[in-house]
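Visitor: I am new to this structure and would like to learn how to read it feature by feature. Could we begin with a single contact and work outwards from there?

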Amino acid sequence: MAILSRIANDVQLMFRRPPRQQYAALCYRVKKKTGDLEVLLLTSRDTGRWVIPKGWPMPGKLSHEVAAREAYEEAGVRGTVETEALGSFGYDKVLKDGIQVPCRVQVYALEVSELAKNFKEKGERSVEWVSCDEAVKRVREPELRDLILAFAQRMTQTGAIAQTK
């Protein structure tokens, strides 16, 4: 019986795929008057949960370029994207056929300098600027929460945002 159990386990491992790779932008701005840091959240088109702009790899584009492109297509924002990833998070994506696939999302910080009036997915999602604390309350993925908190701490430590008033 042990041999059958081991064979079944080996077969499962053979068919298990590694997580699929995606790239995302943690879009942010620092308000000029108050020095407050805000991040951009948007709703997913399928479940309506709060997420950050993300997408699949694109031929001929570097990962941070994909993140910036997704930010424009999904939220209508442009700006300066960092070339080093902040980190990554995992989640299970439900495909159109109902199958769940594990995804690993590499996240890049993008300082927003431009908001477009019209963009590809306008009207398909809600888009909101929120504090990092509010963003952490809204997103479901624990690793993404940790990334947002670490980013807020980094911004405070580097003096990019105002110290507590």
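Guide: Let us start with a pair of side chains: those of E38 and R29 are joined by a polar contact of 2.7 Å. A polar contact is a pair of N or O atoms within 3.5 Å, where, within protein, one must be able to donate a hydrogen and the other to accept it, and residues adjacent in sequence count only if both atoms are side-chain atoms. Please keep in mind that this is a predicted model, in which local features need pLDDT of at least 70 and side-chain atom pairs count only at pLDDT 80 or more, while totals for chains, interfaces and linings use all residues. Residues are numbered from 1 along each chain as its sequence is written, and side-chain values use heavy atoms, with hydrogens and water left out.

Visitor: Where does E38 lie, and which residues does E38 touch beyond those up to four places away in sequence?

Guide: Helices (H or I, at least four residues) and strands (E, at least two) are DSSP runs, numbered from the N terminus, and E38 belongs to strand β2, residues 37–43. Contact means heavy atoms within 4.5 Å; leaving out residues up to four places away in sequence, E38 touches C27, Y28, R29, K31, W129 and V130.

Visitor: Is E38 buried or exposed?

Guide: Buried means under 20% relative accessible area, exposed over 50%, and partly exposed in between, with a 1.4 Å probe and protein chains only. E38 has a relative accessible area of 12%, and therefore counts as buried.

Visitor: What can be said of E73, which is in helix α2?

Guide: E73 is buried because its relative accessibility is 13%, and its side chain makes a polar contact of 2.8 Å with the side chain of R69. Apart from its neighbours within four places in sequence, E73 is in contact with F119, K120 and E121.

Visitor: How should I read a separation between residues that stand apart along the chain, such as G55 and V66?

Guide: One way is to set the separation along the chain beside the separation in space: G55 and V66 are eleven residues apart along the chain, and their C-alpha atoms are separated by 7.3 Å. G55, in strand β4, is buried at 5% relative accessibility, and its contacts, not counting residues up to four places away in sequence, are Q22, Y23, V66 and E70. For M155, in helix α4 (residues 142–157), the C-alpha atom is separated by 8.3 Å from that of L37, which is 118 residues apart from M155 along the chain.

Visitor: What is the overall order of helices and strands?

Guide: There are four helices and eight strands in the chain, and along the sequence they follow the pattern α-β-β-β-β-α-β-β-β-β-α-α. Of the 165 residues in the chain, 38% are buried, and among contacts between residues at least 6 apart in sequence, 68% join residues at least 24 apart.

Visitor: Which elements supply at least two residues each to the lining of the largest pocket?

Guide: They are β4 (54–55), α2 (63–75) and β6 (87–94), and β6 gives the largest share, four residues. A pocket is found on a 1 Å grid over the protein atoms alone, as an open set of points where a 1.4 Å probe fits, with protein on both sides within 12 Å along at least five of seven lines, and lining residues have an atom within 4 Å of a point.
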